[in-house]
Amino acid sequence: MRTYATAQHTGTDPGQCDATAVHTAPSGARAYVLLDGIGRSSNVREWTITAARRLARAASRRADAEAGLRHIYNGYAQERFEYGSAGMPKAAAVVVVTVPGGDTTVAWCGDARAYLMTRGITRRLTQDHNKRRVYPPCQLYPYGGNRNCITSCLGSTATDDVVRSMHNHPAIETARVTLDGPCRLLLASDGAYEPHEDAHHDLYAELDDDPLSQVAREFVDLAVETAIKTSRAVDPNQVYADNASVLVADLRP
C-alpha cells in the first residue's frame, strides 16, 4: 500500500512551478522531496520537476538528506558558473531521508518546510531561509522582515560562508531525527503552510485522518480558501492566494 500522497492547488495564480518526488534506493533508504519553484514560466516548471527527481535519487542513494542536497546544489551552482546566470531557474528545497534501522535526516535551502506529527504533537523540523528570520519581529517592526524574500535556494552559487556572512545562516541547513514510533511527515511550500499558520490552524488536526490522498488535497484546498478570505478582508480588490503544494507520508521506525 502506498504510504505517501501529494497535492497541489494553483490558488489564484495560473502558474504552478512546485514539484515533489519520492525515490527508494536498493538499500531501502527513501527520500521525500518538495521544491517550490521561483517563477511562473514553463521553463521554471520543467526545471523544478527535473531537479526534484534528481534530488530524490541523489539523497536516497547516499542515504542522507544533506549529502544528496549538497550534491545537487553544487551541481547546479557549477552550471551557473559555466553557462551564466541568465535564465537559470531557482527553487526552495526540502528533502527528508528515512533509513531502515537508522535516523531520519532533513536538509533544506529556502523556505519550504518539513513537519513531523506524532501523538498529537506537531514538530517543525526546518527553519526558514528568508528575511523574516534575518530580521525577526520586534517592537519597532512588529512584522519583521519580508517572509517572501528568501535568503537561500537551489540554483544559487552562494556557499555556506557567503550566505552566513550575509544572513547569519548557511546556504544549506540540516537536522537529524530519531523516530520512536509511527508518525506523519508533512513537506509544504509557503503557499500551503502560511495560510494555516496565519489562521492558527492546528496542523495535527488538519492532517490526522485517512486516506492520505484526501488529507493532502483537503490541506491545500483549505490553505487556498483561507488565503483568499484573508486577502479579501484586507482589500476586496486584491484577492490573492499563492499556489500550494504538499507531500504527506506515514513513517515508521
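**Exercise 1.** In this predicted model, decide whether Asn168 is buried or exposed.

*Solution.* Start with the value: Asn168 has a relative accessible area of 66%. Exposed means over 50%. Asn168 is therefore exposed. Next, place the residue: Asn168 lies in the loop between α4 (160-167) and β8. Finally, check the backbone: its phi is positive, about 65°, although Asn168 is not a glycine.

**Exercise 2.** Work out whether His200 counts as buried or exposed, and locate it.

*Solution.* His200 has 72% relative accessibility. The cut-off for exposed is over 50%, so His200 counts as exposed. His200 sits in the loop between α5 (190-198) and α6. Its phi is also positive, about 60°, and His200 is not a glycine either.

**Exercise 3.** Find the cis peptide bond that ends at Pro211, and place Pro211.

*Solution.* The bond runs from Asp210 to Pro211, with omega near -5°. Pro211 belongs to the loop between α6 (203-207) and α7 (212-234).

**Exercise 4.** Give the strand order of the open sheet, then explain why one side of β2 and of β8 is left without a neighbour.

*Solution.* Five strands line up as β2-β3-β4-β5-β8, with antiparallel pairing. β2 (18-24) and β8 (173-177) are at the edges; each has a single partner strand, so one side of each lacks a neighbour in the sheet. From one strand to the next, the twist averages 10°.

Now take the β8 edge. Strand β5 (residues 104-109) pairs with β8 over five bridges, in the antiparallel sense. Trp108 stands opposite Glu173 in β8.

Last, add the helix. α1 (residues 42-62) packs on the sheet and touches β2, β3 (30-37) and β4 (91-98). The direction of α1 makes about 25° with that of β2.

Note on methods:
Residues are numbered from 1 along each chain as its sequence is written. This is a predicted model: local features need pLDDT of at least 70, side-chain atom pairs count only at pLDDT 80 or more; totals for chains, interfaces and linings use all residues. Side-chain values use heavy atoms; hydrogens and water are left out. Two strands pair if DSSP finds at least two bridges between them. Helices (H or I, at least four residues) and strands (E, at least two) are DSSP runs, numbered from the N terminus. Axes are lines fitted to C-alpha atoms, for helices over the stretch in contact, and angles run from 0 to 180 degrees between N-to-C directions. Contact means heavy atoms within 4.5 Å. Buried means under 20% relative accessible area, exposed over 50%, partly exposed in between (1.4 Å probe, protein chains only).
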